[in-house]
Amino acid sequence: MRILVTGAGGMLGSALVPALIDAAHTVCPTDLHVPVDDPWLLLAGNPRIGHLDVRSPDQIARWIDRVQPDLVMHLAAETDVDLCEVRPDEASATNAMGTQHVAQACGTAMLPLVYISTAGVFDGLKEEPYDELDQARPINVYGRAKLAGEHYVQTLVARHYIVRAGWMVGGGAKDHKFVGKIIQQLEAGADTLYAVDDRFGTPTYAPDFAEGLTRLIATNHYGLYHMACLGSGTRYDVAGVILEGLGRTAAVNLVKVSSGYFDETYPAPRPRSEMMHNLMLERLGMNTMRPWEEAVHEYLQRSFPEAYAAQFDPVTA
Ligand SMILES: NC(=O)c1ccc[n+]([C@@H]2O[C@H](COP(=O)([O-])OP(=O)(O)OC[C@H]3O[C@@H](n4cnc5c(N)ncnc54)[C@H](OP(=O)(O)O)[C@@H]3O)[C@@H](O)[C@H]2O)c1
């Protein structure tokens with residue numbers, strides 16, 4: 001298939017684009033902060049990314065017209081939950097209205113659309129992991145804007161996949177989420193780390209998600225899916241697995257804190273639970289996601305090989 005991807009330069013896009021190319025698709029990656037505006041360069045296998053701002057219906061229409069895709073994959077989003085909270089208009093412009101523009105264009109051109117959504121659409125009160133049959137009730141601006149995006153996709157595009165991810169793990173140098181922040185602190189020489197133990201979620205390894213998504217789009221089983229790693233844990237648990245993976249458990253003091261500890265740094269309200277259950281993938285016999293601990297180990301080994309290898313080095317260990 002010929003696939004137009006928005007937000008392709010981010011954490012997920014950097015795993016998804018290679019996975020799509022490996023599956024013999026022709027990929028046209030686009031993103032916000034890039035200069036290239038020539039789809040033919042991209043379709044000829046040039047690894048550069050084209051400029052497409054999803055807040056512009058004209059730009060979306062122009063890219064669809066030029067590329068003539070068989071499928072659009074819409075990843076573009078403002079993913080900084082705290083920034084969304086303080087600038088709700090920006091969150092809405094990109095995550096809700098931007099998705100409306102993409103959905104409108106796909107609906108008009110009768111194209112199938114993949115929209116990536118989030119466990120952040122839930123209120124977090126459920127004790128067990130959330131599945132696709134649970135009612136979405138977001139408690140912050142980011143979650144509300146992403147849920148509005150889901151509604152636009154459901155309303156405007158007949159053939160759609162809405163795929164919700166959990167806590168994204170991936171991106172290597174582009175990793176601006178939890179694992180990336182922990183690694184940054186370790187690289188800066190931190191000997192104490194503070195991690196929250198009263199918020200629960202399911203890490204989602206971007207390369208596994210990308211592979212699962214690549215398989216899903218081949219099925220034509222349109223609908224709403226959860227796609228996260230198996231299992232769940234707190235940020236404290238994730239930090240523990242990172243330290244273990246890097247052989248730093250003894251060297252670094254990992255301190256449990258409640259979420260209130262980070263109130264000033266991360267002011268947006270967050271659901272108590274973003275744990276996920278991939279019920280619909282299970283029903284299709286397509287739940288190939290791994291336990292998150294295993295995936296985090298692989299991520300460290302692949303994306304931070306020097307730090308990972310150091311644990312086996314008797315000189316530095
Ligand atoms: N990260 C998570 O933990 C997580 C969890 C669940 C679901 N998701 C969803 O997964 C999708 C991919 O996110 P990600 O994890 O890859 O996050 P990411 O690294 O922040 O990637 C999002 C990309 O979208 C781009 N973007 C922002 N505004 C745009 C606009 N107006 N037009 C076009 N592109 C724009 C960003 O560009 P700039 O960086 O230059 O602004 C960035 O490259 C998003 O839809 C997100 O909501 C993410």
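In the predicted model, a backbone N or O atom of Leu75 is placed 2.9 Å from an oxygen atom of the ligand. Side chains contribute further polar contacts: an N or O atom in the side chain of Asp53 lies 2.9 Å from a nitrogen atom of the ligand, and a polar side-chain atom of His176 is found 3.1 Å from an oxygen atom of the ligand. On its own the ligand has 880 Å² of accessible area, of which the protein covers 88%.

The elements that give two or more residues to the shell around the ligand are β5, spanning 113-118, and α6, spanning 141-156, with β5 giving the most, namely three residues. The ligand is surrounded by 27 residues, among which Leu12, Asp31, His33, Thr79 and Tyr142 come nearest. Divided by class, the shell around the ligand holds 12 nonpolar, 10 polar and five charged residues.

Attention may also be given to the pockets of the protein. The second largest pocket has a volume of about 260 Å³, and its lining is made up of 19 residues, with Ala15, Tyr205, Ala206, Pro207 and Arg302 lying nearest its centre. At least two residues of this lining are supplied by each of α1 (13-22), α8 (206-216) and α11 (292-303), and the largest share, five residues, comes from α8. By class, the lining of the second largest pocket comprises nine nonpolar, five polar and five charged residues.

Terms used: Residues numbered from 1 in each chain as written. Predicted model: local features only at pLDDT ≥ 70, side-chain atom pairs only at ≥ 80, totals over all residues. Heavy atoms only, no water. Near = heavy atom within 4 Å. Polar contact = N/O pair within 3.5 Å; in protein donor to acceptor, adjacent residues only side chain to side chain. Areas by Shrake-Rupley, 256 points an atom, 1.4 Å probe, with all protein chains shown as cover. Helix = DSSP H or I, 4+ residues; strand = E, 2+ residues; numbered from the N terminus. Nonpolar A, V, L, I, M, F, W, Y, C, P; charged D, E, K, R; others polar. 1 Å grid on protein atoms, 1.4 Å probe; cavity = no way out; pocket = protein on both sides within 12 Å on 5 of 7 lines; lining within 4 Å. Points joined across faces, edges and corners; volume = space filled by probe spheres on them.
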